[in-house]
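Please load the model in your viewer and keep a selection prompt at hand. The tour below proceeds from one selection to the next and describes what is found at each stop.

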Amino acid sequence: MAGRILIRSDDLGYSEGVNYGIAKAVKDGVIRSVGVMPNMPWVQHGLELLKDEKVCYGQHTNICAGRPLSDPKLIKSLVQENGEFKPSSVYRSARKDFVDLDEVILEIEAQYHRFVELTGRQPEYFEGHAVRSENLFRGLQ
């Protein structure tokens with residue numbers, strides 16, 4: 001019996017170009033699992049490109065690019081002064097995990113509700129975008 005491999009693509013919604021690349025890979029039959037970034041401005045565009053495709057959608061939870069879906073005042077450990085997420089470089093250079101568990105759960109849930117609103121279904125999996133944080137991982141569980 002031949003083995004099978006699952007190829008997943010992350011970052012749907014990150015940009016128009018990323019969306020077109022993912023859509024081509026899905027339509028070419030290379031990818032059947034796609035991580036959706038519910039907080040990103042191009043997410044509706046990406047989902048529209050895939051509307052007629054049979055795809056496994058997961059929540060590619062993002063806490064390091066763009067703006068949060070939660071009120072920035074409620075998730076201070078995740079955001080900069082301008083209300084946007086701290087970039088991934090801040091997470092990589094940190095000596096300890098600065099992510100507040102309650103705050104990250106608030107943002108995970110906000111992204112979950114936006115995911116359901118956009119897709120009409122629950123995510124088939126949860127994972128995180130470009131950040132190593134034990135509290136993020138705990139929140140995703």
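Select Asp10 first; in this predicted model Asp10 counts as partly exposed, because its relative accessibility is 26%, between the limits of 20% and 50%. Add Arg8, whose side chain meets that of Asp10 in a salt bridge with an N to O distance of 3.0 Å. Arg8 is partly exposed as well, at a relative accessible area of 41%.

Next, move to Asp11, which lies in strand E1 (residues 8-12). Its phi is positive, about 85°, although Asp11 is not a glycine. Most residues other than glycine have a negative phi.

Now display E1 together with E2. The two strands pair in the parallel sense over three bridges. Within this pairing, Leu12 stands opposite Val36 in E2. Which residues cover the two faces of E2? Ser33 and Gly35 are on one side, Val34 and Val36 are on the other, and all of them are buried.

Keep Val36 selected and show its surroundings. Leaving out residues up to four places away in sequence, Val36 touches Leu12, Val43, Leu47, Tyr57, Gly58, Gln59, His60 and Phe115.

Widen the selection to the largest nonpolar core, which has 15 residues. Those with the most contacts inside this core are Leu12, Val26, Val34, Val36, Leu47, Leu50 and Tyr57. Two or more residues each are given by helix H1 (16-27), strand E2 (33-36), helix H2 (43-49) and helix H4 (101-119). H1 supplies the largest share, four residues. A second, separate core holds 13 residues, among them Ile63, Cys64, Tyr91 and Val104.

From Val104, turn to Asn135, since Val104 is one of the residues in contact with Asn135 beyond four places in sequence; the others are Asp97, Val99 and Leu101. Asn135 lies in helix H5 (residues 134-140). Is Asn135 buried or exposed? It is buried, because its relative accessible area is 15%, under the 20% limit.

Select Ala130 next, in the loop between strand E4 (126-128) and H5. Here is another positive phi in a residue other than glycine, near 60°. Ala130 counts as partly exposed, at 45% relative accessibility.

Cys64 of the second core leads to Pro87, which touches Cys64 and Gln80 when residues up to four places away in sequence are not counted. Pro87 is placed in the loop between strand E3 (56-61) and helix H3 (88-93), and at 29% relative accessibility it counts as partly exposed. Draw a distance from Pro87 to Ser9: their C-alpha atoms are separated by 21 Å, and the two residues are 78 apart along the chain.

Go on to the surface and select Ile5, Ile7 and Val30, which make a nonpolar patch of about 300 Å². Val30 lies in the loop between H1 and E2 and is partly exposed at 47%.

Finally, select the charged side chains. The count comes to six salt bridges. One of them joins Asp28 and Lys24 (2.6 Å, N to O); Asp28 is partly exposed at 48%, whereas Lys24 is exposed at 52%. Another joins Arg114 and Glu117 (2.7 Å, N to O). Both of these residues lie in helix H4, three residues apart, about one turn of the helix. Arg114 is partly exposed at 21%, while Glu117 is exposed at 59%. To close, return to Arg8 and Asp10 and add Glu127: salt bridges that share partners join the three into one network.

Technical notes. Residues are numbered from 1 along each chain as its sequence is written. This is a predicted model: local features need pLDDT of at least 70, side-chain atom pairs count only at pLDDT 80 or more; totals for chains, interfaces and linings use all residues. Side-chain values use heavy atoms; hydrogens and water are left out. Buried means under 20% relative accessible area, exposed over 50%, partly exposed in between (1.4 Å probe, protein chains only). Contact means heavy atoms within 4.5 Å. A nonpolar core is a set of buried Ala, Val, Leu, Ile, Met, Phe, Trp, Tyr and Cys residues joined through side-chain atoms within 4.5 Å. Patches are made of residues with over 30% relative accessible area and no salt bridge: like charges are joined within 9 Å, nonpolar side chains (Val, Leu, Ile, Met, Phe, Trp, Tyr) within 5 Å. Accessible areas come from the Shrake-Rupley method with a 1.4 Å probe; for residues, only the protein chains shown count as cover. A salt bridge is a side-chain nitrogen of Lys or Arg within 4 Å of a carboxyl oxygen of Asp or Glu. Two strands pair if DSSP finds at least two bridges between them.
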